[in-house]
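Here is a short report on how the strands and helices of one chain fit together. Look at the sheet before the helices.

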Amino acid sequence: MPITQCTAQQLQERLQAADKFLLLDVREANEYAFAHIEGSQHIPLHLLPLRLAELAPEQDIVVLCHHGMRSQQACLFLQQQGFNRLFNLKGGIDAWSLTCDPSIPRY
């Protein structure tokens, strides 16, 4: 089953609607410290297998990284673990900064 791609605008709409979902940031700690979306949960990609128990398979999870590649990898891994309500933020936090929140620094 293919992973659903989510645009920055779609994520913004979900956040504004106070939709119930988890925003999962899989970037490294230094990247997260430099720029992140308020309310996101930070679990670096390499730690995801160790911290799987922190996530609920029945919950919608929007996964993000810098440009959308690591988050796609995270989605594929989570899908293999039985998660099926996964959304990859297309373009990552860079797209978010460009289209939704220019106060988020780009790198």
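Strand S2 (residues 22-25) and strand S4 (residues 61-64) run parallel, joined by 4 bridges. Strands pair here if DSSP finds at least two bridges between them. Helices (H or I, at least four residues) and strands (E, at least two) are DSSP runs, numbered from the N terminus.

This is a predicted model, in which local features need pLDDT of at least 70, side-chain atom pairs count only at pLDDT 80 or more, and totals for chains, interfaces and linings use all residues. Residues are numbered from 1 along each chain as its sequence is written, and side-chain values use heavy atoms, with hydrogens and water left out.

S2 also pairs with strand S3 (residues 41-42), in the parallel sense, over 2 bridges. From S2 the chain crosses through helix H2 (residues 29-34) to S3, and this β-α-β crossover is right-handed. Right-handed means that, with the strands pointing away from the viewer, the path from the first strand over the helix to the second runs clockwise.

S4 has another parallel neighbour: 3 bridges join S4 to S5. Here the chain crosses from S4 through H3 to S5, again in a right-handed β-α-β crossover.

These residues stand opposite each other:

| Residue | Partner | Partner strand |
|---|---|---|
| Leucine 23 | Valine 62 | S4 |
| Leucine 24 | Glutamine 41 | S3 |
| Aspartate 25 | Histidine 42 | S3 |
| Aspartate 25 | Leucine 64 | S4 |
| Valine 63 | Asparagine 88 | S5 |

What is the order of the 5 strands in the open sheet? The order is S1-S5-S4-S2-S3, with parallel pairing. Strand S1 (4-6) and S3 are the edge strands, and each pairs on one side only.

Now the strand faces. Both faces of S2 are covered: Leu22 and Leu24 on one side, Leu23 and Asp25 on the other, are all buried (under 20% relative accessible area, 1.4 Å probe, protein chains only). S4 is covered on both faces too, with Ile61 and Val63 buried on one side and Val62 and Leu64 on the other.

Helix H3 (residues 69-80) lies across S1, S2, S4 and strand S5 (86-89), running at about 170° to S5. Axes are lines fitted to C-alpha atoms, for helices over the stretch in contact, and angles run from 0 to 180 degrees between N-to-C directions.

Helix H1 (residues 8-16) packs against helix H4 (residues 92-99) at an angle of about 75°, with their axes 9 Å apart. So H1 is roughly perpendicular (65 to 115 degrees) to H4.

Terms used: Angles under 35 degrees count as roughly parallel, over 145 as roughly antiparallel, 65 to 115 as roughly perpendicular and the rest as oblique. Buried means under 20% relative accessible area, exposed over 50%, partly exposed in between (1.4 Å probe, protein chains only). Contact means heavy atoms within 4.5 Å.
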